[in-house]
Amino acid sequence: MQFTDEHHAFRRTVRDFVEAEIQPHMDEWEAAGMFPAHELFPKLAKIGLLGLEYDPAYGGEGADHTFTVIAGEELGRINGNGVPMGISVQTNMATPALARFGTHELKQKYLAPAIAGEYVTSIAITEPDTGSDVARVRTRAERDGDDWVINGSKLYITNGVQADWLCLLARTSGEGGYRGMSQIVVPTDTPGVTVSRKLDKLGNRSSDTAELVFEDVRVPVSNTIGETGRGFQQQMQQFQHERMIAAYMTVGSVGHALERTRDYLKQRTTFGKPLIENQWIQFKLAELAAELDLLRHYNYACAEAYLRGEDTSRYATIAKLTSGKLARRTADVCMQFHGGVGYMEETWTARYFRDARLRSIGGGAEEIMLQVLARAEGFHA
Ligand SMILES: Cc1cc2nc3c(=O)[nH]c(=O)nc-3n(C[C@H](O)[C@H](O)[C@H](O)COP(=O)(O)OP(=O)(O)OC[C@H]3O[C@@H](n4cnc5c(N)ncnc54)[C@H](O)[C@@H]3O)c2cc1C
């Protein structure tokens, strides 16, 4: 992958921003169970981070995808996955379909303020009865004149407590399965939208996660993103952005974890020598470093394919699968080599261990990635 001087300068800008504006607040935001998105997002917008690849007509940067790779890697270095996840929901999960398929009016009204950091957004797909099996979504939007009337509920919605609008996946016709779903922009101040619960989680604690209920929620049919009835298919495309950014962020996160563990092991002594001098430890860390390199370059191959305008679903699936596994193993090894202090809440490893676990569940569980791959490989009767 070719990085220009401009790309390197951007990496420096993001790293400096993270160090100045995010890292110092992470402990406070973790304890609060939420980061203040309405304060942080306008600052992110100022350095262009909320609209990197989006059309300048809506305030985007019109930048190439390499900038997204860099942003992901640098945000991944944040000491806690809750904030990068909240940011990437805004940039790579809730807005790509609107940017690609939305009307000019819808983009002016909802995409432009999201890029400016004035609006916080969520992607609302998962429901109490279905997560992995997206074709079983039951939230309904029934047409009444020029409005949709929405009833149902959504679960585990990141940014859901603070969101100004949702990219909602709902059933808009009686057809079952993959047919008859639509993506609809739902402003959260619409009567009938309620946050029924703010959920308490094992990790990603600085990110708020909500259960949302919709009771006779009326939004204009013109809030439909793209084609009515094509919501499932559009969402499958939107998932590729989610899976790519997850893999890019894992590179930053695992790299930072290995750096911090190396530094600790250089100064911690057992049996008269620094822990890092044990070959067993060196080899375990070297193995993770090798796998990190494989992921990084696989990500770059994915990004290059994306830049060429190719379908990246296979890349995104493999990157999501392997990055989740790598993050979990890294969390385990780093905690192990820290010993008792690694198990303490005061050490970064504790949060890292909790947060890493989500990477194989959210955004398509590990088994769903394997299901997609198995189908693509013809591993079925
Ligand atoms: C912290 C957090 C934040 C989230 N944020 C969002 C969000 O912003 N928006 C949103 O819409 N959703 C969000 N989710 C939901 C997330 O995407 C789902 O939890 C995930 O897709 C799994 O769905 P599920 O929980 O219903 O698990 P289920 O579908 O019930 O599956 C349970 C487990 O079974 C296994 N499994 C499932 N299907 C198969 C199969 N066919 N073969 C073998 N094994 C299988 C997997 O291991 C899976 O983890 C979030 C979840 C969490 C925990």
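**Helix H12 and the enclosed cavity**

Let me start with packing: in this predicted model, the buried residues of helix H12 pack against two other helices, H8, which covers 231-267, and H10, which covers 313-338. The residues of H12 that are buried are Glu366, Ile368, Met369 and Leu373, so the set in question, taking buried to mean under 20% relative accessible area, includes Glu366 along with Ile368, Met369 and Leu373.

As for the geometry of H12 itself, the helix runs over residues 366-377, twelve residues in total, and from its first C-alpha to its last it reaches 16 Å, which is close to the 16 Å expected at 1.5 Å a residue. Directly after H12 comes Gly378, and the phi of Gly378 is positive, near 75°.

I will turn now to the interior space. The count comes to one cavity of 30 Å³ or more, and the largest cavity has a volume of about 90 Å³. Its lining consists of Gly76, Ile78, Gly80, Asn81, Ser253, Arg260, Tyr352, Asp355, Ala356 and Arg359. Two elements give two or more residues to that lining, namely H8 and helix H11, the latter spanning 348-357, and the largest share, three residues, comes from H11.

In chemical terms, the lining of the largest cavity divides into three nonpolar, four polar and three charged residues. With regard to domains, at least three lining residues are drawn from domain 1, bounded at 5-115, and at least three from domain 3, bounded at 233-377.

One link between the two topics is H8, since this helix packs against the buried residues of H12 and also contributes two or more residues to the lining of the largest cavity.

Terms used:
Residues numbered from 1 in each chain as written. Predicted model: local features only at pLDDT ≥ 70, side-chain atom pairs only at ≥ 80, totals over all residues. Heavy atoms only, no water. Helix = DSSP H or I, 4+ residues; strand = E, 2+ residues; numbered from the N terminus. Expected span 1.5 Å × (residues − 1). Buried < 20%, exposed > 50% of the residue type's maximum accessible area, 1.4 Å probe, protein only. Contact = heavy atoms within 4.5 Å. 1 Å grid on protein atoms, 1.4 Å probe; cavity = no way out; pocket = protein on both sides within 12 Å on 5 of 7 lines; lining within 4 Å. Points joined across faces, edges and corners; volume = space filled by probe spheres on them. Nonpolar A, V, L, I, M, F, W, Y, C, P; charged D, E, K, R; others polar. Domains from an automatic or database assignment.
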